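User: Please take a close look at one part of this protein, the open four-stranded sheet, and describe how its edge is built. Then set that part against the rest of the chain.

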Amino acid sequence: QLVESGGGLVQPGGSLRLSCVASGFTFDTHDIGWFRQAPGKEREGISCITASTGNLYTADSVKGRFTISRDNHRNTMYLQMNMMTPEDSGVYYCAAGGPFIASGQRICQDQKNYGMDYWGKGSLVTVSS
């Protein structure tokens, strides 16, 4: 399972770090990603990284502001979010799956064919003054 923490309310321009602890499977062999669902929108993959090659994808909407990372010793993945805007508000989900023969971008953008096996319950992030 995946257990998230770190969501909450942050002012525009502020920062948050989401954490996601994995248990019950071999974390370091799985591809991982962070997805978010904004109100009224479909869930989107915002950053994914493969286990085997470390191939990294970050969506244009968050590039330069958000950073995904993993600590295999702690079975934990992180999403550092900086310079946040109200458009970053939504429910954030951590996910793990595969390993896939695919790039981080394909995993993030094509969940129909590269569906993650494990999902966190979601963390609500609200960016507002």
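Analyst: A residue counts as buried when its relative accessible area is under 20%, and as exposed when that value is over 50%. By that cut-off, buried residues make up 47% of the 129 residues in this predicted model.

The sheet comes first. Its four strands run in the order E1-E3-E8-E7, the pairing is antiparallel, and the sheet is open. Strand E1 (2-5) and strand E7 (66-71) each have a single partner strand, so these two stand at the edges and one side of each is left without a neighbour in the sheet. On average, neighbouring strands of the sheet are turned by 15° against each other, with direction ignored.

At the E1 edge, the partner is strand E3 (residues 16-22), and the two strands pair in the antiparallel sense over four bridges. Two of the facing positions can be named: Leu-2 stands opposite Ala-22 in E3, and Val-3 stands opposite Val-21 in E3. The two faces of E1 differ in cover: Leu-2 and Glu-4 lie on the covered face, whereas Val-3 and Ser-5 lie on the uncovered one.

Gln-1 sits in the segment before E1. Its relative accessibility is 57%, which is over 50%, so Gln-1 counts as exposed. Apart from neighbours within four places in sequence, Gln-1 is in contact with Val-21, Ala-22, Ser-23 and Phe-25. Val-21 and Ala-22 are also the E3 residues that stand opposite Val-3 and Leu-2. Between Gln-1 and Cys-20 the C-alpha distance is 9.7 Å, with a separation of 19 residues in sequence.

Next, the nonpolar interior. In soluble globular proteins, nonpolar side chains tend to be buried together. Here the largest nonpolar core has 35 residues, and those with the most contacts inside it are Trp-34, Phe-66, Leu-79, Met-81, Met-84, Tyr-92 and Val-125. Three strands of the sheet, E3, E7 and strand E8 (76-81), are among the elements that each supply at least two residues of this core, and helix H1 (104-109) is another. Strand E4 (31-37), E5, strand E9 (90-97) and strand E11 (123-127) do likewise. Met-84 shows how such a core residue is surrounded: leaving aside neighbours within four places in sequence, its contacts include Val-10, Pro-12, Leu-16, Phe-66, Val-125 and Val-127.

A polar residue away from the E1 edge gives a contrast with Gln-1. Thr-50 is in the loop between strand E5 (44-49) and strand E6 (56-58). With a relative accessible area of 3%, which is under 20%, Thr-50 is buried. Its side chain makes a polar contact of 3.0 Å with the side chain of Thr-53, and a polar atom of that Thr-50 side chain lies 2.9 Å from the backbone nitrogen of Asn-55. Beyond neighbours within four places in sequence, the contacts of Thr-50 include Asp-31, Arg-70, Ala-102, Gly-104 and Ile-107.

Finally, the whole chain. The protein has one helix and eleven strands, in the sequence pattern β-β-β-β-β-β-β-β-β-α-β-β. Its radius of gyration is 14 Å, close to the 14 Å that the globule rule gives for 129 residues, so the protein is as compact as a globular protein of that length. Along the principal axes, the C-alpha atoms fill a box of roughly 40 × 25 × 25 Å. Of the contacts between residues at least 6 apart in sequence, 61% join residues at least 24 apart.

Methods: Residues are numbered from 1 along each chain as its sequence is written. This is a predicted model: local features need pLDDT of at least 70, side-chain atom pairs count only at pLDDT 80 or more; totals for chains, interfaces and linings use all residues. Side-chain values use heavy atoms; hydrogens and water are left out. Two strands pair if DSSP finds at least two bridges between them. Axes are lines fitted to C-alpha atoms, for helices over the stretch in contact, and angles run from 0 to 180 degrees between N-to-C directions. Buried means under 20% relative accessible area, exposed over 50%, partly exposed in between (1.4 Å probe, protein chains only). A polar contact is a pair of N or O atoms within 3.5 Å; within protein, one must be able to donate a hydrogen and the other to accept it, and residues adjacent in sequence count only if both atoms are side-chain atoms. Contact means heavy atoms within 4.5 Å. A nonpolar core is a set of buried Ala, Val, Leu, Ile, Met, Phe, Trp, Tyr and Cys residues joined through side-chain atoms within 4.5 Å. The radius of gyration is taken over C-alpha atoms; the globule rule is 2.2 Å times the number of residues to the power 0.38.
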